[in-house]
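Dear colleague,

I am passing on the structure below, followed by an account of what was found in it. Please read the text with the coordinates open beside you.

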Amino acid sequence: MKSIVRSLLGGIFRPLGQYFTKNKLTIFCYHDVSNNPSEFSDKYDLNIPPNIFEYQINFINKNFNVISPDDLLANKIPEYAALITFDDGFKSYFTSAIPILKKYNLPSLIFLNMAPVKGEIFLSGLITYLCDKSSDFRNHVLSNAKCDLNKKPLYLYCSREIVNSFLKIKGKTYRNEVAEFVGDFATQKDLESVSSNNLVFFGNHLYNHDVPLLLTDDELLESFSKNEDELKKHPNSRSLFAFPFGQPDTCFSKRQIEFLIKNGAKKVFSSYPLINSQVTAQYLHRIPLQSFNNTKAKIWFNILRRSFKI
């Protein structure tokens, strides 16, 4: 009975989905693809098991025309256009996601923080680890930032200065704890292994995973430019930028979008779940898919719900 209901719902949503995506650009956002996600990926719903990921990729392949970042930059946008993206730089993108995408001959774009790729601590992992595990850190943030936890979570108030001052007080880096909490990141060798793969593209996600709204213009430009310089060492990098955390107004501002475009970003991306009506716009939204989007109806519902308030 459940399978019949799912099939009927999928059949209902499909024509609606086709109608609303025909002359638009739908961009999908992923992070981790693993059967053994880290505590970080599991807690923040960043992981999708490979079998469900393949189900979603098969769905995208059947219902959309997947384009490459080069198509996007050249404004070659067909009907039912879609772009597949990833954030941060988890190792599972290289070990699990790329083989599945290769099976369907689909291109993808991963927005990388090069700091953890180069072996530095992953800032987002450090912040969320401390927020989750340390009452001392939570009190430190509340004492040093004007926090309204009804508007956004504590980790979005964690500036570099607040984090670094806490580490100085404690006299430790939490490197090993954060590495275990976050899980494996890609390495330089992983990036080099796909340097000749014409289905894999790299984009900019800042050098480390700062909260953009907490950065000055100089800090934002420094992080953007430093990451851009590292990415340019790889032939499959493109001047495309996705904001860490990805939510407009709570994580980054409209002015910062314009600032980064002015300083070299060809396209700028959020993680706000909207279909893009203006397919050649410089600022574009992305729709995260999660592990519970495991039927056709659920995937269509996730694609359409925010855009059309269903």
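**Findings, beginning with a buried phenylalanine**

F241 is found in strand β8, which covers residues 237–242. Please keep in mind throughout that this is a predicted model. With a relative accessibility of 0%, F241 counts as buried, because the cut-off for that class is under 20%. Setting aside neighbours within four places in sequence, F241 is in contact with F111, N204, H205, L206, F224, L260, A265, K267, V268 and F269. F241 and K266 lie 25 residues apart in sequence, while their C-alpha atoms are 7.8 Å apart in space.

One of the contacts of F241 is H205, and this histidine is found in the loop between β7 and α12 (217–231). H205 counts as buried as well, its relative accessibility being 1%. If residues up to four places away in sequence are not counted, H205 touches D87, D88, F111, L112, N113, N227, F241, A242, F243 and P244. The side chain of H205 is also joined to that of H209 by a polar contact of 3.5 Å.

**The chain as a whole**

The chain contains 14 helices and eleven strands. Its radius of gyration is 19 Å, close to the 19 Å that the globule rule gives for 310 residues, so the chain is as compact as a globular protein of that length. Along its principal axes, the C-alpha trace spans about 60 × 45 × 35 Å. Of the 310 residues, 53% are buried, and among the contacts between residues at least 6 apart in sequence, 73% join residues that are at least 24 apart.

**Strand β5 and its partners**

How many of the residues of β5 are buried? Eight of the eight are, so this strand is largely enclosed by the rest of the structure. Three pairings of β5 can be followed in the model, and they are taken here one by one. With β1, the strand β5 pairs in the parallel sense over six bridges, and C29 stands opposite T85 of β5. With β4, which consists of residues 65–66, the pairing with β5 is parallel over two bridges, and here N65 stands opposite A81 of β5. With β6, the pairing is again in the parallel sense, over four bridges, and D87 stands opposite F111 in β6. Between these two strands the chain crosses from β5 through α5 to β6, and this β-α-β crossover is right-handed.

D87 and F111, the pair just named, are also among the residues that H205 touches, and F111 is in contact with F241 too.

**Two nonpolar cores**

The largest nonpolar core has 43 residues, and those with the most contacts inside it are Y30, F53, I60, F86 and I303. At least two residues of this core come from each of β1 (25–30), α3 (50–63), β5 (81–88), α5 (91–103), β6 (108–112), α6 (114–117), β7 (200–204) and α14 (296–308). The element that gives the most to this core is α5, with six residues. As an example of how the core is joined, I60 is in contact with F28, Y30, V66, A82, I84 and L289, leaving aside its neighbours within four places in sequence. There is also a second, separate core of 25 residues, which includes F122, L130, L154 and V182.

**Helix α7 and the histidine in α8**

L130, named above for the second core, is one of the buried residues of α7. Nine of the eleven residues of this helix (residues 123–133) are buried, so α7 is largely enclosed by the rest of the structure. The buried residues are L123, S124, G125, L126, I127, T128, Y129, L130 and C131. Their cover includes α2 (39–43), α8, α9 (160–170) and α10 (175–182).

Within α8, which spans residues 135–144, lies H140. Is this residue buried or exposed? At 13% relative accessibility, H140 counts as buried, because that value falls under the 20% cut-off. Not counting residues up to four places away in sequence, H140 touches I162, S165, F166 and I169. With one of these, S165, there is a polar contact of 2.8 Å between the side chains.

With kind regards

Definitions and conventions
Residues numbered from 1 in each chain as written. Predicted model: local features only at pLDDT ≥ 70, side-chain atom pairs only at ≥ 80, totals over all residues. Heavy atoms only, no water. Core = buried A, V, L, I, M, F, W, Y, C linked by side-chain atoms within 4.5 Å. Buried < 20%, exposed > 50% of the residue type's maximum accessible area, 1.4 Å probe, protein only. Contact = heavy atoms within 4.5 Å. Pairing = 2+ DSSP bridges. Right-handed = clockwise from strand over helix to strand, strands pointing away. Polar contact = N/O pair within 3.5 Å; in protein donor to acceptor, adjacent residues only side chain to side chain. Rg over C-alpha atoms; globule rule 2.2 N^0.38 Å.
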